[in-house]
Amino acid sequence: MRARYGASPLHLLAHLAALALAAWALLQAFPLGGADRIVLWLVGAVVLHDLVLWPAYTTLDRLARRRRPAGWANYVRFPVGVSALLLLVFFPVMCGKGERTYTRVSGQTWEGYAGRWLIVSAALFAVSGALYLVRSRTGSSS
């Protein structure tokens, strides 16, 4: 199986389970209305990722690996990825989109999301940098 598929059967099973979970989530969202917008956003996200983002971050990663010793890129890649994902998820909140509705329903406000995102991002970079320094001094590269 590994020679034909390229990974263990557990890897395939995990991906099939994730696909089934995503299909179930979509089926739960379609009856709520706006199915055409959901499909449009999904297709747009796939096209944006595959035609713009993937080539961009692949090129940046290759350029980064050329100019520095091997191993350091992972210590930058992780905090950048998590920070970018958090920014993508919470960007509408940071811009105030839908705040009135959220406040009306929950009684809470959205103040402080941008500051907390900056704090989390700084902490991710600080921990990653500290790990890099410790591991580079002790000779451990994993």
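How do α4 and α6 run relative to each other? They are roughly antiparallel (angles over 145 degrees get that label). This is a predicted model, where local features need pLDDT of at least 70, side-chain atom pairs count only at pLDDT 80 or more, and totals for chains, interfaces and linings use all residues. Residues are numbered from 1 along each chain as its sequence is written, and side-chain values use heavy atoms, with hydrogens and water left out.

Let's look at that helix pair. Helix α4 covers residues 72-94 and helix α6 covers residues 113-138; helices here are DSSP runs (H or I) of at least four residues, numbered from the N terminus. Their axes sit 9 Å apart, at an angle of about 170°. The contact of α4 with α6 has 20 nonpolar, three polar and one charged residues.

Here is one residue from each helix, with its relative accessibility (buried is under 20%, exposed over 50%, partly exposed in between, using a 1.4 Å probe and protein chains only).

| Residue | Helix | Relative accessibility | Class |
|---|---|---|---|
| S128 | α6 | 8% | buried |
| V82 | α4 | 25% | partly exposed |

S128 also has a partner: a polar atom of its side chain lies 2.3 Å from the backbone oxygen of Y75. As for V82, its C-alpha atom is 17 Å from that of P92, 10 residues away along the chain.

Now for a ring. R116 lies over the face of Y113, 4.9 Å from the ring centre; for Arg, that calls for CZ within 6 Å of the ring centre and within 35 degrees of the ring normal.

Conventions: Axes fitted to C-alpha atoms, helices over the stretch in contact; angles between N-to-C directions. Helix = DSSP H or I, 4+ residues; strand = E, 2+ residues; numbered from the N terminus. Parallel < 35°, antiparallel > 145°, perpendicular 65-115°, else oblique. Nonpolar A, V, L, I, M, F, W, Y, C, P; charged D, E, K, R; others polar. Polar contact = N/O pair within 3.5 Å; in protein donor to acceptor, adjacent residues only side chain to side chain.
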